[in-house]
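User: Here is a structure I would like to understand better. Please take a close look at the start of the chain, and then carry on to whatever else you think belongs in the picture.

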Amino acid sequence: MSEGSGPHLSVTDSRSGETAELAITDGTIRATDLLGLKDPESGSGLRSYDPAFMNTAACRSAVTYLDGEAGVLQYRGYPIEQLAEHSTYLEVAYLLIHGELPTPDQLSNWTHEVTTHTFVHENLKSFIQGFRYDAHPMGMLLASVGALSTFYPDAIEIHDQEIRRSHVVRLISKMPTLAAFAYRHNRGMPYVYPDNDLSYPGNFLSMVYKIAELKYQPDPRLERALDVLFILHADHEQNCSTSAVRAVGSSQVDPYSAVAAGVAALYGPLHGGANEAVLRMLRRIGSKDRVADFIDGVKAGNERLMGFGHRVYKNYDPRAKIIKKACDDVFEVTGVSPLLEIAVELEKIALEDDYFISRKLYPNVDFYSGLIYESLGMPAEMFPVMFAIPRTSGWIAQWLEMVDDPEQKIARPRQIYTGQRDLNYAPIDAR
Ligand code: SDX
């Protein structure tokens, strides 16, 4: 309840005539303050109901700031446009996790630590080789990240700063390796070990594309485009997969298991799986002159325009703008994707159509990213994996914040019970 005369909500419960003053802090009321309003019959306190958390703040966080109406995204206060222009993914990962941009020495040490932990235990290769050749790489990544926890039993010591840091570094270092191993498994090709002479994105390209050459030389334009994509996908406030990492991590499980939960949530087509769904949608449309019919089908409710819409952004996703520009850089090397004109036509028609305007549906991060991944030669099923690699730093930053937050405890929401009560067991011959 509100103690002082600060901003508050004065409410009267018509069931009991009771009144209460609910303190308003940071634009929110505390749900537990509602408990003081009792149901006169049952005596139980009032509870808030918010399926899918449409209007619920689950934590305080200083990691990422979003303004959905204005289309603003900032990591630790730095606008995403500036980071995409001037930074690198590894520097952004340091920023998200440590809360500030690194000094030259800090960046050099961080880069050395991440670069020298890129190898995984040989048994993880055998683990991945146990999958069918056509296993979805997100399923393989989900399983192998979880399996990593069994190789580092001390990772459960989540309050030991040194132990915790070693696993933070390992997660960021090993995600590209596991992702590339999954890709090579799908292709029936030998796995390529990390090349620690290369940059973070360059090493990933090497582990994916190296064939018989002694040393893979990434094209610097593709290396930079991938680094920008990694920056843009690094964190995004309390999205579905981050909420999963926080909820699972709140049981004080190790960070590998918590991140595996994030991979699982990201896998879904409404979340990180949307970039794969966008490419399949563009291929299904097939040509620019069939876009109008497709849009009619979406408006009729037959399906969703994948890569459009967002729970928070009710404006153009700032990341989509940057990715659209990055497409040009990549197409300079690879040639323009034939699907680009279909995507551009879809965006043009949708942004002029009241169905999308009235619902504030704009292109999100997933709408154009797949065109880049496809031009890099990635199969569509690898697109969500390309999302999971950089989002690992955001998941870790949010997990660390949750572990150290004195207000947090094990996540355990309540429910409105709608089932039957107090039934008597009937023997099977009496049913
Ligand atoms: C990501 O949360 C994050 O930050 C996520 C993310 C991150 O970085 O972590 O940004 C990454 O997941 C981006 C979103 C990728 N998903 C897609 O592109 C899938 C297609 N988009 C949607 O399914 C949808 O827009 C969501 C899931 C993104 C958001 O869904 P909401 O907020 O729950 O909105 P909703 O489903 O309640 O839709 C509101 C209305 C509905 O119409 P009505 O029932 O009112 O008539 O808008 C319609 C929906 O039918 N709608 C769409 C649509 N998205 C919403 N109609 C057509 N096409 C769409 N894409």
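Analyst: Happy to! A strand here is a DSSP run of E with at least two residues, numbered from the N terminus, and two strands pair if DSSP finds at least two bridges between them. The model is predicted, so local features need pLDDT of at least 70 and side-chain atom pairs pLDDT 80 or more, while totals for chains, interfaces and linings use all residues. Residues are numbered from 1 along each chain as its sequence is written, and side-chain values use heavy atoms, leaving out hydrogens and water.

Strand S1 covers residues 8–13 and strand S2 residues 18–23; the two run antiparallel and are joined by six bridges. Together S1 and S2 make a hairpin with four residues between them. One of the residues in that turn, Gly17, has a positive phi of about 80°. Across the pair, His8 faces Ala23 in S2.

Let's move on to the ligand. It is surrounded by 23 residues (each with a heavy atom within 4 Å), and His236, Arg304, His310, Arg311 and Arg319 come nearest. By type, this shell holds ten nonpolar, seven polar and six charged residues (Asp, Glu, Lys and Arg count as charged; Ala, Val, Leu, Ile, Met, Phe, Trp, Tyr, Cys and Pro as nonpolar; the others, including Gly, as polar).

The backbone takes part: a ligand nitrogen is 2.8 Å from a polar backbone atom of Leu270, and a ligand nitrogen is 2.9 Å from one of Phe308. From a side chain, an N or O atom of Arg319 is 2.7 Å from a ligand oxygen. Taken alone, the ligand exposes 1100 Å², and the protein buries 76% of that (Shrake-Rupley method, 1.4 Å probe).

Finally, the cysteines. A search of the whole structure finds zero disulfides (cysteine sulfur pairs within 2.5 Å). Cys240 cannot form one because the closest cysteine sulfur, in Cys59, is 14 Å from its own, too far for a bond. Cys240 is partly exposed at 49% relative accessibility, whereas Cys327 is buried at 1% (buried is under 20%, exposed over 50%, partly exposed in between, with a 1.4 Å probe and protein chains only).

Conventions:
Polar contact = N/O pair within 3.5 Å; in protein donor to acceptor, adjacent residues only side chain to side chain.
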